[in-house]
Amino acid sequence: MKNIIMTAAVVAALGASAITENEIEKLIGGMTLDEKIGQMVQIGSAGKNTDGAESRDASAGQLPGDVVEAIRTGAVGSLISACGVEKFNAFQKIAMTEARVKIPLMVG
């Protein structure tokens, strides 16, 4: 069951024609347990921080440091709370360039 869920998440994120079943198995096999769990975690894009102390400057403005760190470490696979296209693109860039496993974020 867990392989079905992970395969569906990866295929949905990358597109069915962009990756083969063997590549999916290799990707999942190389992920830590925390990264696999992180793919099933959805957090709010506003973060926990309200005073801006942990915010990180990005082209889209300030990004909450706790959200950036969760994305970078693979602790989250999806964002919710309509952060706007510019901020979501900034978060997506972090997921695709700074995270160890380069799986795109899903947004809700």
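**Figure 1. Burial and overall make-up of the predicted model.** Of the 108 residues of the protein, 36% count as buried, where buried means under 20% relative accessible area, exposed means over 50% and partly exposed lies in between (1.4 Å probe, protein chains only). The model is a predicted one, in which local features need pLDDT of at least 70 and side-chain atom pairs count only at pLDDT 80 or more, while totals for chains, interfaces and linings use all residues. Residues are numbered from 1 along each chain as its sequence is written, and side-chain values use heavy atoms, with hydrogens and water left out. The protein has five helices and five strands, which are DSSP runs numbered from the N terminus (helices H or I, at least four residues; strands E, at least two), and along the sequence they follow the pattern α-α-α-β-β-β-α-β-α-β.

**Figure 2. Close-up of Glu35 in helix 3.** Glu35 is found in helix 3, which covers residues 33-38, and this residue counts as buried because its relative accessibility is 7%. A polar atom of the Glu35 side chain lies 2.9 Å from the backbone nitrogen of Thr32. When neighbours within four places in sequence are left aside, Glu35 is in contact (heavy atoms within 4.5 Å) with Gly30, Thr73, Gly74, Arg100 and Val101.

**Figure 3. Close-up of helix 4 against helix 5.** The axes of helix 4 (residues 65-72) and helix 5 come within 8 Å and cross at roughly 35 degrees; such axes are lines fitted to C-alpha atoms over the stretch in contact, with angles running from 0 to 180 degrees between N-to-C directions. In this contact Val67, Val68, Ile71 and Arg72 of helix 4 meet Phe91, Ile94 and Ala95 of helix 5. The residues of the contact divide into six nonpolar, no polar and one charged, with Ala, Val, Leu, Ile, Met, Phe, Trp, Tyr, Cys and Pro counted as nonpolar, Asp, Glu, Lys and Arg as charged, and the others, Gly among them, as polar.

**Figure 4. Close-up of Glu98 in the loop after helix 5.** Glu98 lies in the loop between helix 5 (85-97) and strand 5 (106-107), and with a relative accessibility of 32% this residue counts as partly exposed. The side chains of Glu98 and Arg72 are joined by a polar contact of 2.9 Å, a term for a pair of N or O atoms within 3.5 Å, of which, within protein, one must be able to donate a hydrogen and the other to accept it, and for which residues adjacent in sequence count only if both atoms are side-chain atoms. The C-alpha atoms of Glu98 and Ile71 are separated by 8.6 Å, although these residues stand 27 residues apart along the chain.
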